[in-house]
Amino acid sequence: MDSETPSSSSTTPEAPAADSWIKAYESLLHQWSSRSLSQQTAIPLTISRVNQVDAARLDVELSAMLKEQLVQPGMLFQYEPELDAFLEFLIWRFSIWVDKPTPGNALMNLRYRDERRMETRGKVRTGLEGPGLTVAQKILYCITTVGGQYIWARLQSFSAFRRWGDSEQRPWAQQAWILVQRLEGFYKAASLANLLVFLYTGKYRNLIERALKARLVYGSPNMNRAVSFEYMNRQLVWNEFSEMLLLLLPLLNSSLIKNLLRPFSKDKASDPAVDDSVCPICQRSPSIPFIALPCRHRYCYYCLRTRCSATSSFRCTRCSEPVTAIQRHEMLISGIYM
């Protein structure tokens, strides 16, 4: 019998190419990168509001210091707006115009960023990126800060000098005064609204920055604000110490303290036998000599009388003994002063 033995055919898989895993890795890496970029969200950037306010305050103090160095207080009073505008222009020229922060912003690690160009660029990773201000923004910043403040200061001084607000002025002057007051009120209301929004969002501390879309961001992510509380602690200690002294000094009895410290005093005037020929109050020879009882130290009549009349508990300036009476030539003149 012929028996057929079925032969089992086994198929062996072909070996992959040597660089196939590299191609697979590159394709997966490209897909992962595109997906991560599509799902990337902007990290919210929070700038310290205290730093921004402190930077503005430091800039104001720097302008005041420069003004004190240039002119003496009270001099060039009529040209004060021009001087302020010149100093503000110098600060703007050597800071913002050359893409550098102002001195206050530099101390607080802040710089200006063009927020309009950041919105067009889309999502970012840290929020510290971003270009600086454009040339147009820099020029507008100078015009609004330097020129605007100068024009407003001159307009106020001119209107006050011409007395536009008086009822005796011409109608156009009164209308101009009303317009100036309304503009000032509108600006203050807008500044207040901007301040509330700034405290809530932390963006644009004034109206000029909001109009120009010039936002303050951190200049370096590794620089922290170093605050030293040494001066503040010292000031608080001295304030508390001075308040304690002001509270306790009126409660202390000066005469009692003098009596307690008199044994340790080296003042020779406390000795009754030392230079009793002069009055211890006016340091002159008594024209009308009187003595204080019971210590019997010599005084001028007017010096001793006025002291006893001023206070009922007058004590002798030589021995700190309470003076109960005054006497001249062994004759009692006045009663007891208690």
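Which residues do ring pairs link into a cluster? In this predicted model, the cluster is made up of F89, W92 and W97, joined through ring pairs. Searching the whole structure turns up six aromatic pairs. One of them brings W92 and W97 together: the ring centres sit 5.4 Å apart and the planes meet at 40°, so this pair goes down as tilted, since planes between the stacked limit of 30 degrees and the edge-to-face limit of 60 count that way.

How buried or exposed are these two tryptophans? W92 has a relative accessibility of 9% and therefore counts as buried. W97, with a relative accessible area of 32%, is partly exposed. W97 also has a charge for company: the charged end of K138 sits over its ring, 6.0 Å from the centre.

Another tilted pair is formed by F290 and Y301, at 4.7 Å centre to centre with 50° between the planes. This one ties together distant parts of the chain, with F290 in strand β3 (residues 289-293) and Y301 in helix α11 (residues 301-310), eleven residues apart. As for accessibility, F290 comes in at 5% and so counts as buried, because the cut-off is under 20%. Y301, at 23%, lands on the other side of that cut-off and is therefore partly exposed.

Back among the earlier residues, there is one more charge over a ring to mention: R93 lies over the face of F94, 5.5 Å from the ring centre.

Definitions and conventions: Residues are numbered from 1 along each chain as its sequence is written. This is a predicted model: local features need pLDDT of at least 70, side-chain atom pairs count only at pLDDT 80 or more; totals for chains, interfaces and linings use all residues. Side-chain values use heavy atoms; hydrogens and water are left out. Rings of Phe, Tyr and Trp (its six-membered ring) pair if their centres lie within 6.5 Å; planes under 30 degrees apart count as stacked, over 60 as edge-to-face and the rest as tilted. Buried means under 20% relative accessible area, exposed over 50%, partly exposed in between (1.4 Å probe, protein chains only). Helices (H or I, at least four residues) and strands (E, at least two) are DSSP runs, numbered from the N terminus. A charge sits over a ring if NZ of Lys or CZ of Arg is within 6 Å of the ring centre and within 35 degrees of the ring normal.
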